[in-house]
Amino acid sequence: MPPVAARPRRPRPAAVLGLLLLLAAAPACSGAPEPGPRAPAGGPGAGSPTAAGGAVGGEAPFWVDPNSEAARQVTAWEATGRYADAQVLRRIADRPVALWGRPGDPGPGIRRARTAAKASGRTLVLAAHHIPHRDCGQLPAGGAADARAYRGWIGAFADAVGDARALVVLEPHAVAHVVDGCVRAEHRAERLRLLSEAVDRLKKNRNTKVYLDAGDPGWIRDPADLAGPLREAGLDRADGFALNVSGFQPDAAVRAYGAELSRAVGGRHFVVDTGRNGAGPLPGDRERASCNPPGRALGTPPTDRTGDPLVDAYLWVKRPGESDGTCRGGPAAGTWWPEQALGLARRAQDTP
């Protein structure tokens with residue numbers, strides 16, 4: 001404040017008290033108004049649920065990664081003034097998605113997540129996807145070189161999880177590919193044996209739940225066809241099976257399919273991937289409709305309160321916003337694609 005020319009007269013005590021009360025009630029001065037719109041409240045920071053890696057609004061008991069691709073995208077868009085888009089993308093960034101074990105050494109990434117999840121008292125959601133001859137050579141092709149390599153990899157995966165509370169979706173597509181004939185006959189028995197061994201290794205961890213992947217109702221039409229292979233793969237010692245991983249089938253269809261499959265395998269429970277099924281599947285050929293289909297939407301947010309006694313949880317296993325491959329102009333499979341993520345979030349029926 002600039003100096004005054006004349007010395008002011010001493011104010012009366014009552015006037016001083018009134019002035020102090022007025023100053024206490026007034027907002028602090030900031031000089032000049034900020035140009036442009038303000039960033040929305042609740043961004044990643046000390047007061048954000050994702051800052052500590054917790055759940056959002058009591059919605060789910062699962063750990064939220066504060067450094068996910070979606071969370072980093074929110075920060076980047078806010079830094080460049082894309083506040084509205086950043087706020088929409090929080091529908092992904094502020095929710096728990098599965099961590100997929102890295103193909104080389106899965107240990108470091110899982111251990112970092114485990115530490116954060118334990119500190120926040122949350123359950124870690126993981127996907128193990130490294131079985132030999134994975135996806136029958138289809139993109140994204142990969143997997144362990146042989147059975148020995150896979151045993152070492154799943155052992156490192158399980159060791160990294162340790163005593164943390166964890167939910168593992170085991171080998172997306174592995175059993176369904178046995179049923180649909182994609183796996184060559186000479187590899188079938190080995191695959192089911194490796195899955196069974198993986199169940200046993202993961203279940204040695206006292207706080208780990210394991211769900212064997214079982215495809216989706218748009219893939220294996222008769223769920224009874226999955227019953228035998230799932231049992232050979234160790235389902236009776238697992239906590240249940242998983243459906244719709246990376247898929248787009250709507251909740252009602254998946255629950256009905258899951259209930260039928262459950263009856264065929266002795267009443268086992270299941271979990272459902274709802275990350276991208278909010279608008280259902282794209283009509284047409286299944287293979288084409290499952291690769292970066294346009295117009296899709298986020299589905300039911302992750303939760304263990306499903307209202308269905310057979311459904312243990314709705315999860316986002318396939319990470320919304322990661323490309324299925326180079327189809328429809330997308331980047332390589334598994335690569336973060338921010339505009340696709342934004343479209344999924346914009347079309348979601350729920351609100352942040």
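Start with the whole chain in a surface view: its accessible surface comes to about 17,100 Å², and 54% of that belongs to carbon and sulfur atoms. Accessible areas here come from the Shrake-Rupley method with a 1.4 Å probe, and for residues only the protein chains shown count as cover. What you have open is a predicted model, in which local features need pLDDT of at least 70, side-chain atom pairs count only at pLDDT 80 or more, and totals for chains, interfaces and linings use all residues. Residues are numbered from 1 along each chain as its sequence is written, and side-chain values use heavy atoms, with hydrogens and water left out.

Now switch to the cartoon. You will find eleven helices and seven strands; these are DSSP runs numbered from the N terminus, helices being H or I with at least four residues and strands E with at least two. Of the 352 residues, 48% count as buried (under 20% relative accessible area, with exposed over 50% and partly exposed in between; 1.4 Å probe, protein chains only).

Next, select helix α5, residues 147-161. This helix gives eight residues to the largest nonpolar core, the most of any contributor. The core has 52 residues, and a nonpolar core is a set of buried Ala, Val, Leu, Ile, Met, Phe, Trp, Tyr and Cys residues joined through side-chain atoms within 4.5 Å. Among those with the most contacts inside this core are Tyr150, Phe157 and Leu195.

Stay in helix α5 and show the side chains of Tyr150, Trp153 and Phe157, which form one aromatic cluster. Rings of Phe, Tyr and Trp (its six-membered ring) pair if their centres lie within 6.5 Å; planes under 30 degrees apart count as stacked, over 60 as edge-to-face and the rest as tilted.

Why is the pair of Tyr150 and Trp153 stacked? Their centres are 6.2 Å apart and their planes are at 25 degrees, so the pair gets that label. The rings of Trp153 and Phe157 have centres 5.4 Å apart and planes at 45 degrees, so this pair is tilted. Tyr150 is buried at 1% relative accessibility, and Trp153 is buried at 4%.

For the last stop, select Glu78 in helix α2, residues 69-79. Is Glu78 buried or exposed? Glu78 is buried, with a relative accessible area of 15%. Add Arg90 to the selection: a polar contact of 2.7 Å joins the two side chains (a pair of N or O atoms within 3.5 Å; within protein, one must be able to donate a hydrogen and the other to accept it, and residues adjacent in sequence count only if both atoms are side-chain atoms).
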